[in-house]
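Here are some short exercises to work through with the model open beside you. Try each task first, then follow the solution step by step.

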Amino acid sequence: MVRRHEDWMRQARRKLESGRWDLEGRFYEDACFSAQQAAELAAKAWLESQGRREMGHSVLQLLEKGGAVPLDVQHAARVLDGYYIPPRYVNGFAAGAPMDYYDAETASAALNHAERILRFVGGHLEGLSAD
């Protein structure tokens, strides 16, 4: 079975880069969602490298299925899990739109959390081949 973990990680890195552009463009809610997506893609890369294809969107749950996860990575995943739905949907808040609830500091922190997760997963993928 061909494993596509490299493809998953390439897409995770690209999503993280799109989050940086969102931050630069002041689309803070989108930066938070992009950070969550980058981390989710990385978690799925790790699982794919183990020959597993898991469904779901919780970064924490996906990472925990892969193996032992350091506390700082668990914390980053928990924070990012909160950015899966609210940054995209108006009904995630009692009033206003998601754009009213996110700022540069929040978006920057989210991207930093995603970077931490990508580094963690990348460390597990080093030296693996796609076959």
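Just after α5, G127 takes a positive phi of about 80 degrees. Helices here are DSSP runs of H or I with at least four residues, and strands are runs of E with at least two, numbered from the N terminus. Please keep in mind that this is a predicted model, where local features need pLDDT of at least 70, side-chain atom pairs count only at pLDDT 80 or more, and totals for chains, interfaces and linings use all residues. Residues are numbered from 1 along each chain as its sequence is written, and side-chain values use heavy atoms, with hydrogens and water left out.

**Exercise 1.** Find which residue just after α1 takes a positive phi, and say whether that residue is buried or exposed.

Solution. Step one: the residue is R26, with a positive phi of about 70 degrees. Step two: R26 is not a glycine. Most residues other than glycine have a negative phi. Step three: R26 sits in the loop between α1 and α2. Step four: its relative accessible area is 62%, so R26 is exposed (exposed means over 50%, buried under 20%, partly exposed in between, with a 1.4 Å probe and protein chains only).

**Exercise 2.** Check the span of α1, and work out where its buried residues lie around the axis.

Solution. Step one: the 20 residues of α1 should span 28 Å at 1.5 Å a residue, and the end C-alpha atoms are 29 Å apart, which agrees. The expected span is 1.5 Å times one less than the number of residues. Step two: list the buried residues of α1, which are H5, M9, A12, L16, G19 and D22. They cover an arc of only 125 degrees around the axis, so they are on the same side of α1; the arc is taken from the directions from the helix axis to the C-beta atoms. Step three: R10, R14, W21 and E24 are exposed on the other side of α1. Step four: look for the partners, and you will find the buried residues of α1 packing against α2 and α5, where contact means heavy atoms within 4.5 Å.

**Exercise 3.** Describe how α1 and α2 pack, and what kinds of residues meet there.

Solution. Step one: α1 (residues 5-24) and α2 (residues 28-49) pack at an angle of about 170 degrees, with axes 8 Å apart. Axes are lines fitted to C-alpha atoms, for helices over the stretch in contact, and angles run from 0 to 180 degrees between N-to-C directions. Step two: this makes α1 roughly antiparallel to α2 (over 145 degrees; under 35 is roughly parallel, 65 to 115 roughly perpendicular and the rest oblique). Step three: the residues of this contact divide into 11 nonpolar, 7 polar and 5 charged. Ala, Val, Leu, Ile, Met, Phe, Trp, Tyr, Cys and Pro count as nonpolar, Asp, Glu, Lys and Arg as charged, and the others, Gly among them, as polar.

**Exercise 4.** Characterise α5 by its span and its buried residues.

Solution. Step one: α5 (residues 104-125) has 22 residues and reaches 31 Å from its first C-alpha to its last, close to the 32 Å expected. Step two: its buried residues include A107, L111, I117 and F120. Step three: the buried residues of α5 pack against α1, α2, α3 (59-66) and α4 (71-81).

**Exercise 5.** Place H57 and list what it touches.

Solution. Step one: H57 lies in the loop between α2 and α3. Step two: H57 is partly exposed, with a relative accessible area of 37%. Step three: leaving out residues up to four places away in sequence, H57 touches Q36, E40, L62, D81 and Y84.
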